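Student: I've got a model with a ligand in it, and I'd like to know what backs up the words people use for it. Can we go through them one at a time?

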Amino acid sequence: MNQELNTGNTKIMNRFDVTSRLIAKLKHEEAVIGGIGNTNFDLWAAGHRPQNFYMLGSMGLAFPIALGVALAQPDRRVFALEGDGSLLMQLGALSTIAAMKPKNLTMIVMDNGIYQITGAQPTPAAGVADIVAIAIGSGLASSAWAADEEDFERLVDDAMAATAPSLIAVRIDDKPGVGTTRRDPVQIRERFMHGLGVRQPL
Ligand SMILES: Cc1ncc(C[n+]2csc(CCOP(=O)(O)OP(=O)(O)O)c2C)c(N)n1
């Protein structure tokens, strides 16, 4: 078995802490796409930025949206955050991204093994599905489990200089998101497009 796969030695981290560590590393107006629910709640709480986009309502769309941003703005680094349950609902995104090869896209999967926000039902990642194995099998060779917080930061540093799409999987606890994003889709979209320099403020 590939040594990057989850052998059970990965530390269980916390989504808000890990998201805060990512945000602290951003210095060049990198785009960050949060997925439905907890990933975008913790992105909001970790530090709202005009280059943050908060997906509302549909599971599994953080990576497809981030792919579009990465292709449209190849000189900007793009990070996307998604829960394991949401990613498993939209797995085709991984092989599409592998085929499109955006140099500037990094996907971060927050794997708690549950659909936390709808009542903590177990996802297949709790038992049979290894997110990194799936990503590597989808063609994303630069995919790894973060062993602990320091390793996560090292993987983010590597991603900043990467020339191929990369995926970082993080085993997290069962805590809900810390904040709550303001649910105003038009404002979220307009603010993000302004943050990316493609729209004037409303
Ligand atoms: C297509 C679709 N199916 C179901 C839902 C209901 N739903 C919203 S969030 C969620 C669970 C998300 O789980 P995960 O991505 O693992 O994130 P977590 O809540 O564990 O942070 C579900 C089932 C939805 N919003 N969209």
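Student: What makes H4 the element that gives the most to the shell around the ligand?

Tutor: H4 supplies four residues. Helices here are DSSP runs of H or I with at least four residues, strands are E runs of at least two, and both are numbered from the N terminus. H4 spans 84-89, and strand S5 (114-115) also supplies at least two shell residues. By the way, this is a predicted model: local features need pLDDT of at least 70, side-chain atom pairs count only at pLDDT 80 or more, and totals for chains, interfaces and linings use all residues. Residues are numbered from 1 along each chain as its sequence is written, and side-chain values use heavy atoms, with hydrogens and water left out.

Student: How do you know which residues surround the ligand?

Tutor: A residue is near a molecule if one of its heavy atoms lies within 4 Å of it. The ligand is surrounded by 16 residues, with Gly-57, Gly-85, Ser-86, Ile-114 and Gln-116 the closest.

Student: Why is the ligand's approach to Asn-38 called a polar contact?

Tutor: The term needs a pair of N or O atoms within 3.5 Å. A polar side-chain atom of Asn-38 sits 2.9 Å from a ligand oxygen, so that pair fits the definition. A polar backbone atom of Gly-85 is also 2.9 Å from an oxygen of the ligand, as is a side-chain N or O atom of Asn-112.

Key
Polar contact = N/O pair within 3.5 Å; in protein donor to acceptor, adjacent residues only side chain to side chain.
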